[in-house]
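Student: I am new to this structure. Please take me through its aromatic pairs in one close look.

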Amino acid sequence: MATRKQAHEADLAVEVDTIFDRGASWIGSHPREVLIAFAALLAIAGGIGIVREARSRAASAAEAQISSVYDAYLVAMGASPGANEVPEPANPELGKNARSEYAAKLLEAANAHDDSAAAVGGRLQAAKMLEANGDAAGAFEARKLAATHAPAGSPVAALALVRYAVALETKGDLAAAA
């Protein structure tokens, strides 16, 4: 039995060798087609890399612009950039004016970088500011824009949709909220 098994393995090895030999022979006899296939593969990979880099740079630019507007808002409210808590100034009119001004700037920056995660965050922050100023209609519209222009399938889209659904529920539109 040992001889049959060894003979079968030898036949398989010869068959594998001939497949590789045939492949090498085909490549050797068709160098132009092989080079064209490699060039096409490299071009496709390069194109994908360029598109990904462009998207990454656009997302970084959006995040930088929106976060700089929000940091300026924090400074206007008396907090340091990057602070988690926004203090209320002693003068309520100063706070209201700062919220109105920076909500408009956040919405403008979000419109400049539409369909990005940073734009969704900017619109949601603007909605929070507008709501604190008593502008429920403006806050609702900012949440609606955040939900409708969020990148599909992203975690920020889910957050924007939840916040928009809560706003719809608050308005009494339970069917749309559901």
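Tutor: Here is a walk through the aromatic rings, followed by a short stop at a loop.

This is a predicted model, where local features need pLDDT of at least 70, side-chain atom pairs count only at pLDDT 80 or more, and totals for chains, interfaces and linings use all residues. Residues are numbered from 1 along each chain as its sequence is written, and side-chain values use heavy atoms, with hydrogens and water left out.

Start with the count. The structure holds 3 aromatic pairs. Rings of Phe, Tyr and Trp (its six-membered ring) pair if their centres lie within 6.5 Å; planes under 30 degrees apart are stacked, over 60 edge-to-face, and the rest tilted.

Take tyrosine 70 and tyrosine 73. Their ring centres are 5.6 Å apart and their planes meet at 45 degrees, so the pair is tilted. Both residues sit in helix H2 (residues 31-76), 3 residues apart, which puts about one helical turn between them. Helices here are DSSP runs (H or I, at least four residues), numbered from the N terminus.

Are these two rings buried or exposed? Tyrosine 70 is buried, at 19% relative accessible area. Tyrosine 73 is buried as well, at 5%. Buried means under 20% relative accessible area, exposed over 50%, and partly exposed in between (1.4 Å probe, protein chains only). Tyr70 and Tyr73 also join Tyr102 in one aromatic cluster.

Now go to phenylalanine 140 and tyrosine 164. This aromatic pair is tilted, with 5.5 Å from centre to centre and 45 degrees between the planes. Phenylalanine 140 belongs to helix H5 (residues 136-148) and tyrosine 164 to helix H6 (residues 155-171), so the pair ties together parts that are 24 residues apart in sequence. Phenylalanine 140 is buried, at 11% relative accessibility. Tyrosine 164 is buried too, with a relative accessible area of 17%.

Phenylalanine 140 has another contact. Lysine 171 lies over the face of its ring, 4.0 Å from the ring centre. A charge sits over a ring if NZ of Lys or CZ of Arg is within 6 Å of the ring centre and within 35 degrees of the ring normal.

Last, the loop. Aspartate 115 lies between helix H3 (92-112) and helix H4 (117-132). Aspartate 115 has a positive phi of about 65 degrees, although it is not a glycine. Helix H3 also holds leucine 94, which is partly exposed at 43% relative accessibility.

Definitions and conventions:
Helix = DSSP H or I, 4+ residues; strand = E, 2+ residues; numbered from the N terminus.
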